[in-house]
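Trainee: Hey, can we go through this one together? I'd like to learn how to read it piece by piece.

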Amino acid sequence: MNALNASNEAGFVEAKQAELLGSGLDALRTFAVSFDRVQTALRGLADLGDEAAARRVERMSRELEALEPSVTMIGQIKSGKTSLVNALIGAPDLLPSDVNPWTSVVTSLHLHPEKPGFAQRATFRFFDKDEWDRLISGGGRIGELASRAGAEDELEKIKLQVSQMREKSRLRLGRNFEMLLGQQRDYGYFDKDLIERYVCLGDAVDEADETSGNMQGHFADITKAADLHMTRAALPMPLCIRDTPGVNDTFMMREQITIRAIRDSRICVVVLSAHQALSSTDMALIRLISLVKSRDIIIFVNRVDELSDPAAQIPQIRDSIIATLKKHNGPKEAKIIFGSALWASYALQMRLDDLPASSAASLANWAALCDDDACTGVLDETTAWRLSGLPVLQDAISQRVAQGIGAALLQRIGASAKNLASGLAAANQIGAQPEESRFVARMQSCEAQARMASLIKTRKTELRAEFDAILSTFDARMERVQASFLDRATASLVEHLERHGDQTIWNYDPAGLRALLSASHKVLARNSQSAFDKATKAAAADVMDVYAQAFDLGGNTFDIARPRPPLVPPPVTLGRTIALDLSGRWWKRWWLQRRGHKAYAESFFDLIKSETSPVIKELRDDLAQSVRDEAIAVFDAFLSEQLAVFERLDCMQTASPAELTDYIARHAPQEKRALLERVMATLNEYAES
């Protein structure tokens, strides 16, 4: 009987957790229905064509199934970011959130809908030797700055700290240290202890600790990334949540890793503490989020459970955040959500009665203002979950997935599938024509093939040339921006020296440089998307002209769905810390070691050029090049689709009566024509959306 009661209780808890975790996911559920409709249409399309068409459909299906939108979590130290991630994934105690120092590795949690036979797994990837050397050589980014500033004593201090860290790693890992670099470890399970071993920086583990099983941080120094795969109750589709080290970790060594994680995600959740809100000390954070579209930024103010009077304090905190963002040119329309990962965790664990007294009082205070119909005045798990802010956060994420990357993918797949379906329908139409009418006043097959090959080659060449010109202009513009900034900053420095001498330390805000480079990025995005649109429109018109002349398929009998321009990643590399962002002892040392206007001007010019050139290089060689490569890849795929359609139609045009009879029997009986019509109707909804 006790076992039965325990089983019933466990079942109740699981059902309640699924109910809580399912709130706020309506937009994802609606998207999942659209996703399934397109998948069903693709399966129908695979049954309608030949083997070549089936292979194309299979590639589309694989691309659709690979959809895994990612959300990057960044935030202040001690904001409770990892506790919030735990609540989001429905596992309150999974990721270590009570360790010090903090999470040191980008941890990607791949969430899958629940299904039988799913096995949890984990992969931990290590830096290779070159990455490790770049990461810590010279003391990381702080060491670079100290070196350029001439702060030799500080540089030596930093190098000593890094050397000690390296030595701790060598002692901890022994002869495995060199062997592990560049490798990865895979596990068919994971738990809190395993995760701590790889992602939490800790003190060196001595032999006694290893014997006792305390392995916290054992591999963290050399771990580059962690990937955990798990199911998540009530989730209608895959989703990836990325927990990051933040933007102010030791020596800024992992700053670039966090920046790349933000660039690779369309959605960024910024976690703040209700006690810290947002201030000028968070400039590194503000710099990063100001470079992402407001629509893609969600600000979650955590730890409201620690406020004595949240009903009165939360409006004040909101006003303060908005004012700080406005002052520092942060995102103007980012959604701001208030909540508590602690309330969410206790609600998920059905332990609301165990809430600390102060937290329970804050919950009651905040509940008094709840205007949600579900808030009945009873402080149960459902109410606590709603007041935790998690349903609002899930809804904000869901809407951005459904309306952003999800909608873009459905449109792209829908357009490709529609073009294939249109080709099948046109082939059936040609096949139904009498043999004599298939050759009347139309372009000969060899001429049509030559025209098609020529236009594809011409349009590909034109788009590549257009992008070469766009990138060259972008490069030149950034060079001008950098040179202009250096000239203005140096002139300001000289003016300061002439007015005040060298006894008053001078500072210069690099916000203007970032603003101008960001404007250059906007021009790049606009020109790239315009060039892509122009190229696809021209290519579609050319192809339609060939179809009309070769197969008499003009007018309303055949149209071509064009793909959307690929999305341009945000320029988050501009958020990288540079010398002018810091005003610590190294800057004072740099200042005091110069004598004479010329020495100041020349040294400052060299320092800031050295600091800004890598940022510009990454924008040019990484971001801009990736924009070009993706646009060309999508355009080439679009033309390949049209070539496949043309070849099918050309075969039908020149087929013998016996071949046509066989084709109609296999591909165009009455029931398949009806299926094709249904598939076309579904695909039309998404191809033009």
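Mentor: Sure, and let's settle one word before anything else: a residue is called buried when its relative accessible area is under 20%, exposed when that is over 50%, and partly exposed in between. Also keep in mind that this is a predicted model.

Trainee: Got it. So Ala277, is that buried or exposed?

Mentor: Ala277 has a relative accessible area of 10%, so it counts as buried. You'll find Ala277 in the loop between β7 (267-273) and α12 (283-289).

Trainee: What's up with phi of Ala277?

Mentor: Phi of Ala277 is near 50°, which is a positive value in a residue other than glycine. Arg303 isn't a glycine either, and its phi is positive too, at about 65°.

Trainee: Where does Arg303 sit?

Mentor: Arg303 is in the loop between β8 (297-302) and α13. With a relative accessible area of 25%, Arg303 is partly exposed.

Trainee: Let's zoom out. How many helices and strands does the chain have?

Mentor: The chain comes to 23 helices and nine strands. It has 689 residues, and buried ones make up 51% of them.

Trainee: And what about contacts between residues that are far along the chain from each other?

Mentor: Take the contacts between residues at least 6 apart in sequence: 84% of those join residues at least 24 apart.

Trainee: Okay, salt bridges next. How many are there?

Mentor: The count comes to 23 salt bridges. One of them pairs Asp542 with Arg459, and their closest N and O atoms are 2.7 Å apart.

Trainee: Which helices hold Asp542 and Arg459?

Mentor: Asp542 is in helix α19 (residues 511-551) and Arg459 is in helix α18 (residues 445-500), so this pair ties together parts that are 83 residues apart in sequence.

Trainee: Are those two buried or exposed?

Mentor: One of each sort of label, nearly. Asp542 has 24% relative accessibility, so it is partly exposed. Arg459 has 19%, which puts it in the buried class, because the cut-off for buried is under 20%.

Trainee: What does Asp636 pair with?

Mentor: Asp636 meets Arg464 in a salt bridge, at 2.8 Å from N to O. Asp636 belongs to helix α21 (residues 597-654) and Arg464 to helix α18, so the pair ties together parts 172 residues apart in sequence. Asp636 is buried at 16% relative accessibility, while Arg464 is partly exposed at 28%.

Trainee: How far apart in sequence are Asp621 and Lys617?

Mentor: Four residues, about one turn of the helix, and both lie in helix α21. Their side chains meet in a salt bridge at 3.3 Å, N to O. Asp621 is partly exposed at 38% relative accessibility, and Lys617 is partly exposed at 45%.

Trainee: Which residues end up in one network there?

Mentor: Asp475, Lys617, Arg620 and Asp621 are joined into one network by salt bridges that share partners.

Trainee: New topic: helix packing. What do people use to describe it?

Mentor: Two packed helices are described by the angle between their axes and the distance between the axes.

Trainee: What are the values for α13 and α15?

Mentor: The axes of helix α13 (residues 310-327) and helix α15 (residues 357-367) come within 8 Å and cross at roughly 75°. That angle falls in the 65 to 115 degree range, so α13 and α15 are roughly perpendicular to each other.

Trainee: Which residues make the contact?

Mentor: From α13 there are Pro310, Ala311 and Ile314, and from α15 there are Ser362, Asn365 and Trp366. By type, the contact of α13 with α15 divides into four nonpolar residues, two polar and no charged.

Trainee: Where's Ser97, and what does it touch?

Mentor: Ser97 is in the loop between α4 (81-88) and β2 (106-112). Setting aside neighbours within four places in sequence, Ser97 is in contact with Thr82, Ser83 and Asn86. The C-alpha atoms of Ser97 and Ser83 are separated by 5.9 Å, though the two are 14 residues apart along the chain. Ser97 counts as partly exposed at 40% relative accessibility.

Trainee: Last one: how many disulfides?

Mentor: Zero, from a search of the whole structure. As for cysteines, Cys240 is buried with a relative accessible area of 1%, and Cys268 is buried at 3% relative accessibility.

Key: Residues are numbered from 1 along each chain as its sequence is written. This is a predicted model: local features need pLDDT of at least 70, side-chain atom pairs count only at pLDDT 80 or more; totals for chains, interfaces and linings use all residues. Side-chain values use heavy atoms; hydrogens and water are left out. A salt bridge is a side-chain nitrogen of Lys or Arg within 4 Å of a carboxyl oxygen of Asp or Glu. Helices (H or I, at least four residues) and strands (E, at least two) are DSSP runs, numbered from the N terminus. Buried means under 20% relative accessible area, exposed over 50%, partly exposed in between (1.4 Å probe, protein chains only). Contact means heavy atoms within 4.5 Å. Axes are lines fitted to C-alpha atoms, for helices over the stretch in contact, and angles run from 0 to 180 degrees between N-to-C directions. Angles under 35 degrees count as roughly parallel, over 145 as roughly antiparallel, 65 to 115 as roughly perpendicular and the rest as oblique. Ala, Val, Leu, Ile, Met, Phe, Trp, Tyr, Cys and Pro count as nonpolar, Asp, Glu, Lys and Arg as charged, and the others, Gly among them, as polar. A disulfide is a pair of cysteine sulfur atoms within 2.5 Å.
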